Amino acid sequence: MLRFLWTFRACLLTVGDAIVVKDLHRQFEIRCPIHGFITLNSWEREIISQPSFQRLRRVRQLAWTDQVYPGAMHTRFEHSLGVMHTATLLYSAIRQASSDVLQDELGYKEEGLTRDLQLVRLAALLHDIGHAPFSHASENLFPKTEKGERYKHENYSAAIVRSELRNAIEDHPLNVTNYGFKAEDVAALIDGSTTAKQRLFWRDLIDGQMDADRMDYLLRDSFHAGVQYGKYDLNRLVNTVRAIPGLRGRAPRLGISEGGWHAAEGLVLARYFMFTQVYFHKTRVAYDVHLRGALEELLPERQFPSPVGEHLKQFLMWDDWKVLGLLADAKGGEHGIRLTTRDHYRLGYGSPEISTESDLGLVESIKTELGDLVVAEEESSKSWYKTGTTDIPVVSNVDPGTVLPLSKYSHVVLNIKPINQVLLYVRPEMAQNANKIVRGVLEHERNRQGTFGFAPNIS
C-alpha cells in the first residue's frame, strides 16, 4: 500500500513537472495596432508584469500632443513591446542574410545567435523603462551627474534593469536553465557599456540611425496622431538589412543592401516630417513649456530624483497619473492652471525652420520690441541624418566588396539640413498686442530691404 502511494505521488510530481515545463515554454500573444500580434515567452511576460514596467502604461508617448492631435494618447508600454518585436525582425533578417559576417568577424555560432536573440529582445523591451512622466517633454528636469552632464532616460533605464528588475531577469527558470544572463548583460546593451563586448554590434538595433526604436515610434505615433507623415517601407528595410564587414580592423556595422537604400531614405524623410509637423508643432511646444513649469513647482527639488541608490525608487513613484492628480488639485502654479484649462501660451513669432543669421537677427529685434511680453523662448533644433562615421553603409548588389555610405546614394539625405527654428511665446491675453508689434517690425524690415511678399510666422 505504501509502495502504491509512493508511486502515485511520484506520478503526480512527474505530471506536475511536465505542466511547469510546458508553461515555461508557453507563448503569449498581445494584439498591436501596428504589428498585428506581438509574441512573448513566459520570461518576458514575467518582466512585463513587474511594477517598474507596468508604470509605462502611465507614461504617455507624446506628452500633451493630444491637445493638438486628439488620438495621440498612446503610451511607452505599447511602444516598448513594438520595439522588441521590430528588433526581433531585424535580428532574424541579419542572422539569415549575414551569417558569414557574424561568424567570421564576431565569432558567432548558431547556438550563440539563438542565445543573443533573447538578450536583444530584453534590451529592446526595456530600453525606455526609465522615461519620466510625459516622456521626452520633461527630460530637461533630470538632474546632472558629478561631471555636470545631465542624466538621460537611458541612464535611468539601465539603472532600473540593474536593480529593480535584477531578480526578474536573473532568477526566472527560462534564464537559469537556458541562458544564464545577468541583469548587467541587458543593461550594458542599453547604455553601451564596454562589458557588452562583441554584442555592442546589436546596440545599433536599439540606438542608431536605422534602429527598431525609430522604426516603431514613427509608425506608431503617425497612426495614433492620425497623420501619414511617419510612414515608410518597414518590410523592405527588414528584407534588406545586413551586417556590413568592418574595414581596416574596425568592427562590423549595421547597414543595408543596395536594394534597400530608398527605404532607408524614406525612414529619414518620415522622421523629418514627423518632427516638423507633429513633435515641433507650435502648440505642442507651448504645452511642453507649461509641463516643465508645472513640474518645477511639483517636484521637491524642482527636478527629478537621480537614478542612483534609493533615489531611483523615488523616481519610479512619478508617472503621468501622479502629475495629473496634482494638477487636478490645483497644484503646479500658473503653468498647472494653463494645462488644466487649456489656456496655453500663443506663438508671438517664429523664425523659418532653417534660420539664417539674418533670420536670427530679426528674432532678436522682435524680442527686443516685445520686451516683457515674451514669456518663453524655445529653440526647435534637430539634425535628421548624420554623415561621417555613423552614415548608414550600403553594400553593392553587384560587388559585395563595395560599400558606400547612404549619403552617396541619396542626394536628399546628403542635402537635408538640420532645423534651427526659434519660437517666441506670449500670454494669450497679450497675443493681439504682440501681433501688432511683430507686424510693425516686419513692415519696417520690408521697407528697409525693399522686399515684398514676406509671410510672417505668427499666431
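**Domains.** I looked up the domain assignment of this predicted model, and it gives domain 1 (25–280) and domain 2 (346–459), with bounds that come from an automatic or database assignment. I note that residues are numbered from 1 along each chain as its sequence is written. For this predicted model, local features need pLDDT of at least 70, side-chain atom pairs count only at pLDDT 80 or more, and totals for chains, interfaces and linings use all residues, while side-chain values use heavy atoms and leave out hydrogens and water.

**Between the domains.** Taken over C-alpha atoms, the centres of domain 1 and domain 2 are 30 Å apart. I find 20 residues from domain 1 and 26 residues from domain 2 in the contact, where contact means heavy atoms within 4.5 Å. The two domains bury about 2,200 Å² between them, with carbon and sulfur atoms giving 65% of that area; buried area here is the accessible area (1.4 Å probe) that two parts lose on being put together, summed over both. Of the area that domain 1 buries against domain 2, 29% is supplied by Gln209, Glu258 and Phe280, more than by any other three residues.

I then checked polar terms across this interface, and the rule finds zero salt bridges (a side-chain nitrogen of Lys or Arg within 4 Å of a carboxyl oxygen of Asp or Glu). The count of residue pairs in polar contact, both at pLDDT 80 or more, is 13; a polar contact is a pair of N or O atoms within 3.5 Å, where within protein one must be able to donate a hydrogen and the other to accept it, and residues adjacent in sequence count only if both atoms are side-chain atoms.

On the side of domain 1 that touches domain 2, strand S4 (253–257) and helix H13 (261–279) each supply at least two residues, and H13 gives the largest share, nine residues. Helices (H or I, at least four residues) and strands (E, at least two) are DSSP runs, numbered from the N terminus.

**Salt bridges.** Searching the whole structure, I find 25 salt bridges. In one that I looked up, the side chains of Arg162 and Glu184 meet at 2.7 Å, N to O, and this pair links helix H7 (residues 153–162) with helix H10, 22 residues apart.
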